[in-house]
Amino acid sequence: MNKKIEQFVNLFEAENRKLNLCKFGDREEFIKRHVMDSWEAGQFLEDSRKVVDLGTGGGLPGLILAIEKPDIEFTLIDSVRKKCDSVDIMAKELELSNVDVVCGRAEELGHEMREVFDAATARALAPLPVLLELAAGFIRPGGLFIAYKGSKYLQELEEAKNAIEILGFELEKIHHYERVLLIFRKTKSLSSKYPRKNGTPKKRPL
Ligand code: SAH
């Protein structure tokens, strides 16, 4: 296995003991369920130079994709300071010069880092309508949004119809593996109304 991935698993296990970032289980299980899962989106980032990972938690999928794609610049965002500090430590230990960690809420940062990313990723952050609103501000028109989802993706897509329309996304591809990646294309520039203020996307999904 990639040496850096092995090193990541060691680092994550140690950080996880302090912070309880996710259910670690045994090493094989963690690699299958979290590492290989995170790796899956890399193949769709071929044309991207700058990518943002929203709600990265302990660096999933952000750190894995940064190892997989060393020529892409990654910005990893989470609202919890302790998690950001952990991810920063791991990125430094892994000598990943293509990783920048930013602590803050996607609702606010989505206005500050406006439409500068070629792609955004998110795993286990929110239901699809909420997720699309949180991601839309970051992505340039023509860019991609990749959502890691599970078996209920069809229902989520149904519930996200309105959000997809309002935010100007188009579903480009449904990629099946052990789970599902929903790949959206952002077709136009986003109205400055979105994302709405902290907590509103979740409280009142589009
Ligand atoms: N992507 C990781 C973590 C998922 S848990 C994984 O797959 O394991 C969701 C993470 O999103 C948490 O770490 C939480 O702190 C963060 N988060 C939740 N709402 C957020 C928001 N509005 N802006 C930024 N981060 C958020």
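**Close-ups of a predicted chain**

**View 1. Inside versus outside.** Of the 206 residues here, 56% count as buried. Keep in mind that this is a predicted model. What's left on the surface adds up to about 10000 Å² for the chain, and carbon and sulfur atoms supply 48% of that exposed area.

**View 2. The whole fold, end to end.** Nine helices and seven strands make up the secondary structure of the chain. Lay the C-alpha trace along its principal axes and you get a span of about 45 × 35 × 35 Å. The radius of gyration is 16 Å, which agrees with the value near 17 Å for a compact globule of 206 residues. As for how the chain touches itself, take the contacts with a separation of 6 or more: 68% of them come from residues 24 or more positions apart.

**View 3. Where H1 meets H2.** Zooming in, we have helix H1 (residues 3–19) packed against helix H2 (residues 27–39). Their axes sit 11 Å apart, at an angle of about 115 degrees, and the crossing is right-handed.

**View 4. Side by side at the H1–H2 contact.** Which residues does H1 bring to the contact? Those are Ile-5, Glu-6, Phe-8, Val-9, Asn-10, Phe-12 and Glu-13. From H2 come Arg-27, Phe-30, Ile-31, Val-35 and Trp-39. Sort the residues of this contact by character and you find eight nonpolar, one polar and three charged.

Technical notes:
Residues numbered from 1 in each chain as written. Predicted model: local features only at pLDDT ≥ 70, side-chain atom pairs only at ≥ 80, totals over all residues. Heavy atoms only, no water. Axes fitted to C-alpha atoms, helices over the stretch in contact; angles between N-to-C directions. Helix = DSSP H or I, 4+ residues; strand = E, 2+ residues; numbered from the N terminus. Left-handed = near helix turned anticlockwise from the far one by under 90°. Contact = heavy atoms within 4.5 Å. Nonpolar A, V, L, I, M, F, W, Y, C, P; charged D, E, K, R; others polar. Rg over C-alpha atoms; globule rule 2.2 N^0.38 Å. Buried < 20%, exposed > 50% of the residue type's maximum accessible area, 1.4 Å probe, protein only. Areas by Shrake-Rupley, 256 points an atom, 1.4 Å probe, with all protein chains shown as cover.
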